[in-house]
Amino acid sequence: MFLTNDEEKILAGEYGETRRKMMEILVGLGKVFGAEELVPISSAQISGASYKTIGKWGLEWLRQLDARVAVPSVLNPIGMPRERWEEMGISREFAEKQTQVINAYRRLGIRLECTCTPYYLGITSYGDHLAWSESSAVAYANSVIGARTNREGGPSALAAAIIGKTPKYGLHIFDNRLPAVAIDVEMPEGRPHAGHYGAIGYRAGKLVGNRIPIFTGMRPNRDQMKALGAAMAATGAVALFHVDGITPEIRVMRQRGLANPAALERITIAADEIEALFTAMPVDAVAIGCPHCSGEQLHTIAYLLAGRKTTKPFFIFAARGVTEANRGAVAAIERTGARVYEDTCMVVSPAMERFGTIMVDSGKAAAYIPNMCGAVARIGTLEECVEAATS
Ligand code: F3S
């Protein structure tokens, strides 16, 4: 693997022990995956931020690092809202540990935005190379924005953040981004909702595994593609998908005579396979925002809740930057009894473990909640979630 003089010096420890270790991680990864060089990145998103997932050993590892990040870097959701943890039912003991994790990242110069939707924070655009680690963020960046990132682990994303570069292999290379399988979707009747796209992704991920799919027969908006990619990344290992005529890179590929869906293996997802995932059952709580809500979603929730009061716990999750830009919608939602929380999510927070059945509008949450929270998950559309939370 080719290294510049400066990169060699970092590897030799001339810029400190932490940078040496971080370079060692990147070079090790690059060698395993056959990278020829490192490529500069424009931002990093680092998982391993919830104390629930990293525990005391992860915290100790973070504490001994001594360097600053070289590019704008944010965190994945942590286990609690930074200020409102008590209100969410988090124990003081957990809150103290979680705060220590946050402080360890703060020392490294990482922005204390804890979100799986860093693309709402203006830190990437088409063609950028990134080192992002949360699977839905990776799918969105690659597919909807047309940026380039592999699905990094927490340590490799942190190493890339500190060095400002990542090994150039996998999805950093155009030829590795071509679709391998075409999926025809028969959409259910009526106006499709993000919940439907979450259900399609839930099914599609199981069918394609880690292959790159191209979808035909649908015209999702950005929030719907967010739901689609998140679910596919959860039930499969999809880090990039294309939607014919919609996602940015597929146009470039088609102009070059590449990626014709008619030439690929084809899979059909029927409308009744999608509808079958929407099962009716009583729920104890409702949670929206997996991945974290966009501003538009917050406004839609506020609109659907107008004139209602919640009858059971109703959690909505969004990035701090998004709630701050949509304070009116957040206030309107909270007047109904629902709660909008920043920094955390329904899967990584221990607060959700007290419920037996949770209703979500997300295929990813439906896939993760049973294992991560020990609860049954039910998928609904956003309208059904609001109805369940207020009736
Ligand atoms: Fe984000 Fe948590 Fe879902 S990290 S994608 S809200 S599981």
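Two strands count as paired if at least two bridges are found between them. With that in mind, the tour of this predicted model may begin.

**First stop: a pair of strands.** Select residues 285–293, which form strand β10, together with residues 314–318, which form strand β11. These strands run parallel to each other and are joined over four bridges. Within the pair, display Ala287, which stands opposite Phe315 of β11.

**Second stop: the whole sheet.** Now extend the selection to the open sheet of five strands, in the order β12-β11-β10-β13-β14, where the pairing is parallel. Strands β12 (339–341) and β14 (376–379) are the edges; each has a single partner strand, so one side of each has no neighbour in the sheet. From one strand to the next, the twist averages 25°.

**Third stop: a helix across the sheet.** Select residues 382–390, helix α15. This helix lies across β10, β11 and β13 (357–360), and its direction makes an angle of about 145° with β10.

**Fourth stop: the ligand.** Select the ligand and display the residues that surround it: Pro77, Cys116, Glu134, Ser136, Gly289, Cys290, Pro291, Cys345, Val347 and Lys364. Which strand gives the most to this shell? The answer is β10, with three residues. Colouring the shell by residue class shows six nonpolar, two polar and two charged residues.

**Last stop: the domains.** Colour domain 1 (5–174) and domain 3 (285–390) separately. Both give residues to the shell around the ligand, and the ligand therefore lies between these domains.

How values were computed: Residues numbered from 1 in each chain as written. Predicted model: local features only at pLDDT ≥ 70, side-chain atom pairs only at ≥ 80, totals over all residues. Heavy atoms only, no water. Helix = DSSP H or I, 4+ residues; strand = E, 2+ residues; numbered from the N terminus. Axes fitted to C-alpha atoms, helices over the stretch in contact; angles between N-to-C directions. Contact = heavy atoms within 4.5 Å. Near = heavy atom within 4 Å. Nonpolar A, V, L, I, M, F, W, Y, C, P; charged D, E, K, R; others polar. Domains from an automatic or database assignment.
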